[in-house]
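Open the model in your viewer and keep the sequence panel visible. This tour says what to select at each stop and what is there.

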Amino acid sequence: MWRIFMLVCVAGAIQAHGGDVHAAAQRSGADAGLGMASTAAANPRSSLLTPFAPQRNPGPSPRIALVIGNGAYGANRADVQANALRGNAPRDAEAMRDRLRTLGFDVIARTDATPGQMREAIREFHQRLQAGGTGLFYFAGHGMRIGQQTLLIPAGLDSRSPATLVREGVDLNTVLQAMRAARDGQLNLVILDTCLNNPFSPDASIDTSALPGNTVIAYATAPGGFAADGMRHGIYTNAWLHALDTTPSQTLAALLQRVALQVREVTDGRQMPWAASSLHSPSPDSNAAIALQNDSVVTLHSRGILPKDSSEQYEIAFWNSIKDSNYPADYEAYLKAYPNGRFAALAHARIDRLRAAASSTAPSAATPAAPSAAPAQAAVRPSTPAASASPAAQEHPVTTPKPAVSAAPPAPGPAVPPAAAITAVAQKPITHPPVAGESRDCATCPIMIAVSAGSFSMGSSTDDPSEKPVHHVSIGAPFAIGKYAVTVDQWNACVAANACQKLTPESNTNKAAPARDLSWDDAQQYVKWLSKTTGKPYRLPTEAEWEYADRGGTTTAYWWGDQMRKGNANCKDCGDPWHKEGPEVAGSFAPNPLGLYDMNGGVWEWTADCWHNSYQGAPTDGHAWDSPGCDMRVIRGGSWREGGGYMLSATRFKYSAGVRQSQDGVRVVKDLR
């Protein structure tokens, strides 16, 4: 049962009023341009009539918008070029960006955003919303329904790999959680020009019970339906642009009705816009004038990445795409789409077999003891690392971490930020604490510390999904890791040998400080030169090796304990010495239990691994988790520019491999044979 939405606005602060919860009722007819599921408390006296008018000077109640348009889908360049959505969705986002800016919105805009880039933009959106004001999220591109999830599909994914779509799709709830921050009851508006069909099941119901307060989601089409494209814009977006351009000073209710009726007329009733709300409001004015602008339909299915027909053949195609996989996450994606599918039992068996095989390869002596009591991890992490990017990095604004703010930092993580306090779950203790011994292979080589084989629990159970699940990792062979991050002086030895790129002069004036403004590709040049010079197998640490060495046998949130304490790391609120211009001289702070300096703070340190949004399917033997054609690589440890919340042992982030950034450096590893 549904209720028509009416009389809500974007412009001003909207107060939520208490009252009885009302059931929604289905409406139809000429005035029912928009179906609305309402889950909020009702107050018939509430008047929500503030106009949707241009706001040149937003003052104390800002308007913040995140606009994303994805069209670059396909397995290869030919597929992408043949996709009609490739041009329309980015154009939709650019046009919506420009229109919202004229209405006084501060707009974050992304086109053809990858999974990591979408999540990074959502974190920035969350951070800006902390100051209050109206929040608006717009998405144009492919989407689908899986169970109770609405998945927004990032660019660069192959529609013929359904497991990838399920794993990498951005859950709409991620956006809603980012907009959930307490902002004195001000409005959250979500506009989705995407399809709502479930290719895996005929059930396309929408669960509106979990909507944050004062939130409206305007869908281009009803549950189970498709969204159409015009010659230059999506039909739904085109209606929005026309309505905003012709009559901006109107209630949001009237605006939504105009948009819905235009879409219905242009598509001859085949596309039916719909909305869900946690606001209550009366019925719309059936006499609202409608100005239609026809934009001939290219195809009604153009914004649905998968066919509506949930056929037997599609399930078989899904299974065939993963049946030879060695990653449990692929089979979990199948079970998510087909919990009772014909291959469900086999998928469960494959998962069990793969996990059993991973456990059997772990050294028998590395069996962990029972978990200890969960330590309190009282820390708050900002949404993104602070950055002062080089010119090269500034050409890649999507991958550049956002500047830190002076206010209390919001929460972190590659998806939805955690709450003000983070609680870590008990970590299994390391059964063979590493032992230390120093070595150096040449006068200009890094000093190396030997680390013994052993096992530990990697990750954390904070609100950051990228650090989950906590999983047991066995490091089967000893290795050596740099006592310090590679310094400017050490890097310059590689430059002098014409084997490495010159460092950025303004970022690397102190020869005893960590070398920085380095890309992952630069770091690969350095370890290749080290290996050739010394005849020893140098490389970047795997992400598992890095965290294993950072913890140094500890199981607490930080290697020094469960609470942030000054004097242990080079970060902006970690105590003196600290200078905003750059990191301190290597070794200025206390070492961890292994004798390693500046593992936390100083500079972010590159690892060998490709970035993945979680540890689902991660190797359990300490090896690098790589992917063909990977661009985003994992960085660990935080930098001098971040706050103490980034100094936790489990904190992880990512950066584009080919881009230099002023906070990124390197620490090397050497295999011990």
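Start with the whole chain. Among its contacts (heavy atoms within 4.5 Å) between residues at least 6 apart in sequence, 76% join residues at least 24 apart. This is a predicted model, in which local features need pLDDT of at least 70, side-chain atom pairs count only at pLDDT 80 or more, and totals for chains, interfaces and linings use all residues. Residues are numbered from 1 along each chain as its sequence is written, and side-chain values use heavy atoms, with hydrogens and water left out.

Colour by secondary structure: the chain has 14 helices and 21 strands. Helices (H or I, at least four residues) and strands (E, at least two) are DSSP runs, numbered from the N terminus. Of the 673 residues, 60% count as buried, meaning under 20% relative accessible area with a 1.4 Å probe, protein chains only.

**Stop 1: strand 4**

Select residues 134-140. How many residues of strand 4 are buried? The count is 7 of 7. Thr134, Leu136, Tyr138 and Ala140 lie on one side, and Gly135, Phe137 and Phe139 on the other.

Add residues 63-69, which form strand 2; strand 2 pairs with strand 4 in the parallel sense over 7 bridges. Two strands pair if DSSP finds at least two bridges between them. Leucine 66 has phenylalanine 137 of strand 4 as its bridge partner. Now add strand 8 (residues 188-193), parallel to strand 4 over 6 bridges. Here leucine 136 is partnered by leucine 189.

**Stop 2: an open sheet**

This sheet has 5 strands in the order 11-12-15-21-16, with antiparallel pairing. Its edge strands, strand 11 (438-439) and strand 16 (538-539), each pair on one side only. Select strand 21 (residues 669-671), which is joined to strand 16 by 2 bridges. Tyrosine 538 stands opposite lysine 670.

Then select helix 14 (residues 543-551), which packs on the sheet and touches strands 12, 15, 16 and 21. The direction of helix 14 makes about 75° with that of strand 15; angles run from 0 to 180 degrees between N-to-C directions, and axes are lines fitted to C-alpha atoms, for helices over the stretch in contact.

**Stop 3: two helices**

Select helix 12 (residues 488-496) and helix 13 (residues 520-534), which pack at about 75° with their axes 10 Å apart. The two are therefore roughly perpendicular, the word used for 65 to 115 degrees. Show side chains for Gln490, Trp491, Ala493 and Cys494 of helix 12, and Asp522, Ala523, Tyr526 and Trp529 of helix 13, which make the contact.

Terms used
Angles under 35 degrees count as roughly parallel, over 145 as roughly antiparallel, 65 to 115 as roughly perpendicular and the rest as oblique. Buried means under 20% relative accessible area, exposed over 50%, partly exposed in between (1.4 Å probe, protein chains only).
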